[in-house]
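Trainee: I have a new fold to look at, and I would love to go through it step by step. Please start me off with a term I will need.

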Amino acid sequence: MTKLRSSFSDDLKWNVKDLYQTEDDYNRDFKYLEEHLNDFKNYEGHILDDEFKLYEILKFDTNFSRKLEQVYIYAHINNDSDTTDIKYQSMYGKALQLYEKYCVATSFIVPELLKSDYDLILKYIEKNSKLNEFARSLKEIFRIKPYILSDKEEKILSSLSTTFNTPEQVYSYLTDADMKFGTIKNRDGKYEELTEKSYHKFIESNIRNERKQAFNKLFTTYGNFKNTYASLLASEVNNNNKSAQLRGYKSAREASLYKNEIPVVIYDNLINIVRNSIAPLSKFWKIKKKALKVSKLHLYDTYAATTNKMTKKYTAHEARDLLYASLLPLGKNYIDDLKKAFYEQWIDFCPNDGKRNGAYCTACYNVHPYVLLSFDGTLENVSTLAHELGHAMHYYYAIKNQSYQDYGYSIFVAEVASQVNQILLSKYLINRTNDIDEKKYLIDDLIKDFKATIYRQTMFADFEKNIYEAQQNGEVLTHDYLCNTYLDLNKIYMGKNIVVDDLVKYEWERIPHFYMNFYVYQYATAYAAAIKIAMDILNEKEMAKEKYLEFLKLGATKNPIDSLKIAGVNMENKDVLNDAFVYFNDLVNELSLLYEE
């Protein structure tokens with residue numbers, strides 16, 4: 001059934017007029033940016049002339065960037081609202097081109113700054129107090145100076161950036177466009193195409209044959225391309241290792257973590273603690289096997305719910321009220337601020353044709369955050385809304401309390417607020433129901449999130465660490481090496497009471513995050529941090545709520561580790577991860593008791 005965007009009421013659409021009242025207003029800003037882009041040339045070679053010239057260029061860049069962000073977000077979200085609209089396709093394309101021109105026009109700033117010593121910058125700040133506005137960002141630029149090469153070398157590396165990006169681009173074309181997985185015979189006896197998108201539906205099916213067919217067909221197909229995928233991933237690993245080595249890092253992992261100010265020990269602690277905490281998952285598999293009434297639990301069974309899914313549907317207004325109730329432990333002020341997201345229409349609910357898939361939150365410093373999802377009324381969608389509004393409130397408080405250059409928070413903490421909201425929602429629903437099946441479903445869903453985020457993402461991180469070190473030590477990353485390594489890790493991380501099907505050895509081929517250079521571990525660490533924060537708030541630990549709200553205001557003003565300490569979470573302390581497994585074990589035990597009843 002066709003769902004035109006025009007058929008949905010305006011209160012379900014985000015309010016783009018907060019960005020620009022009319023397209024004429026947008027075009028006026030766009031024209032201004034085009035006309036003043038060349039003004040950056042006036043500063044090239046002069047930004048360190050004195051403390052006033054330095055402030056002048058940084059302030060000009062900030063004002064230009066803020067206006068560019070507003071232009072880009074307007075084009076971006078209008079295009080995502082309906083990707084079939086030619087007008088917005090063109091608008092978005094032009095905004096992207098303008099952003100690329102801006103990057104080129106400002107590319108001289110950092111190299112020119114780094115020709116000086118940080119001591120000179122400190123003297124300039126002392127002489128011109130207005131530069132305090134940029135003190136953190138200037139300090140961050142000089143933090144990476146030891147790993148910046150000569151101008152000539154930097155230009156060579158920059159010229160090779162397209163080459164370095166080739167593995168990811170080819171991976172994307174192959175996986176998203178060229179791969180065909182055949183068809184699945186569904187419960188109605190009809191054949192349905194298997195795609196990466198429909199795979200999720202089949203692997204969660206309560207019909208075991210659908211799950212098994214989907215698993216076998218998907219990974220058999222990936223297996224047919226094992227040499228191609230091995231070549232792509234080996235190239236990606238080699239590119240990152242060589243680039244890190246050229247800059248003077250010990251490894252690509254160290255380079256990635258240094259950029260985000262994360263000690264390597266946090267990565268290693270995560271892997272070691274998760275590897276030693278498999279027992280609760282093995283216990284859960286035993287419960288799942290009994291609930292699904294299978295003689296042997298296979299990997300393709302693990303995504304099926306232990307009970308029938310909750311069928312209740314929520315309107316957007318009911319979802320809103322449910323979030324108000326479940327997030328009340330964060331305090332009245334938080335709820336009052338959250339209400340703005342609904343009444344000021346930060347959210348686009350419409351499941352119209354042509355809308356971008358998935359869900360996300362983006363933000364404009366001059367205005368407020370925006371949230372996109374295609375709301376279908378399911379509990380899963382309500383949870384997604386809670387997740388994205390966690391991001392939105394994190395942005396909102398950072399915007400309200402920090403300068404433009406300091407409001408963007410680190411990737412390491414990005415998933416904390418979103419997961420806190422989801423945990424609070426789930427706990428609220430579990431505690432308020434007396435229906436045993438509903439409670440089983442909700443606890444099983446929380447366990448599934450933990451498994452997917454802590455166990456699975458850590459396994460991915462372990463795989464990355466292994467293959468990068470192997471390549472650095474002279475190992476050739478053949479498809480056999482990659483497949484065998486991945487299969488062995490599955491056997492470790494999945495524990496006992498489950499059949500680790502051999503075909504899963506090809507799963508690494510479909511994970512796009514392996515082309516994001518040591519990114520995935522942050523999902524696991526953020527979730528562990530979110531568990532501690534949420535449980536401290538629910539248990540009314542002294543000042544837990546106040547510390548968390550203070551954390552949401554920080555933006556980039558502190559490094560990620562120190563930011564989380566403000567929230568009462570010390571990621572350098574192993575107790576955070578150990579306590580997460582106590583929480584997980586409690587969930588498994590609670591589910592076990594429900595099945596005994």
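Mentor: Happy to! A crossing of two helices is left-handed if the near helix is turned anticlockwise from the far one by less than a right angle, and right-handed if clockwise. Keep in mind that this is a predicted model.

Trainee: Which hand does the crossing of α2 and α3 have?

Mentor: Look at helix α2, residues 51–81, packed with helix α3, residues 86–105. Their axes are 8 Å apart. Applying the rule above, the crossing of α2 and α3 is left-handed.

Trainee: How are α2 and α3 oriented to each other, roughly parallel or roughly antiparallel?

Mentor: The two helices pack at an angle of about 155 degrees. An angle over 145 degrees counts as roughly antiparallel. Therefore α2 and α3 are, relative to each other, roughly antiparallel.

Trainee: How many nonpolar residues does the contact of α2 with α3 have?

Mentor: On the α2 side the contact includes F64, L68 and Y72, and on the α3 side it includes M91, Y92 and L96. D61 of α2 and Q89 of α3 also take part. By class, the contact has one charged residue, five polar ones and, for the nonpolar group, 13.

Trainee: Now to the strands: which strand of the open sheet sits between the edge strands?

Mentor: Three strands form this open sheet, and their pairing is mixed. β3 and β4 are the edge strands, each pairing on one side only. The order is β3-β5-β4, with this strand in the middle: β5.

Trainee: Which strand runs antiparallel to β5?

Mentor: β3, residues 347–348, runs parallel to β5 and is joined to β5 by two bridges; there, I347 stands opposite V371 and D348 stands opposite L372. The other partner forms a hairpin with β5, with five residues between the two strands. C361 of that partner has V371 as its bridge partner. Four bridges join β5 to this antiparallel strand, β4.

Trainee: Are the residues of β5 that point either way buried or exposed?

Mentor: P369 and V371 point one way from β5, while Y370 and L372 point the other way. β4 alternates too, with Y360 and T362 on one side and C361 and A363 on the other. Under 20% relative accessible area counts as buried. On both sides of β5, the four residues are buried.

Trainee: Which helix lies across β3, β4 and β5?

Mentor: This helix spans residues 379–401. Compared with β4, its direction is at about 15 degrees. The helix is α17.

Trainee: How is α15 oriented to α19?

Mentor: α15 and helix α19 pack with their axes 9 Å apart, at an angle of about 90 degrees. L322, L323, A325 and S326 of α15 meet a set in α19 that includes L424 and Y428. Seven residues of this contact are nonpolar, one is polar and one is charged. The 90-degree angle makes α15, with respect to α19, roughly perpendicular.

Trainee: Last one: how far is M310 from E112 in space?

Mentor: M310 lies in the loop between α14 and α15. Beyond its neighbours within four places in sequence, M310 is in contact with L379, E438, Y441 and L442. M310 and E112 are 198 residues apart in sequence, and their C-alpha to C-alpha distance is 59 Å.

Notes:
Residues numbered from 1 in each chain as written. Predicted model: local features only at pLDDT ≥ 70, side-chain atom pairs only at ≥ 80, totals over all residues. Heavy atoms only, no water. Axes fitted to C-alpha atoms, helices over the stretch in contact; angles between N-to-C directions. Parallel < 35°, antiparallel > 145°, perpendicular 65-115°, else oblique. Contact = heavy atoms within 4.5 Å. Nonpolar A, V, L, I, M, F, W, Y, C, P; charged D, E, K, R; others polar. Buried < 20%, exposed > 50% of the residue type's maximum accessible area, 1.4 Å probe, protein only. Pairing = 2+ DSSP bridges.
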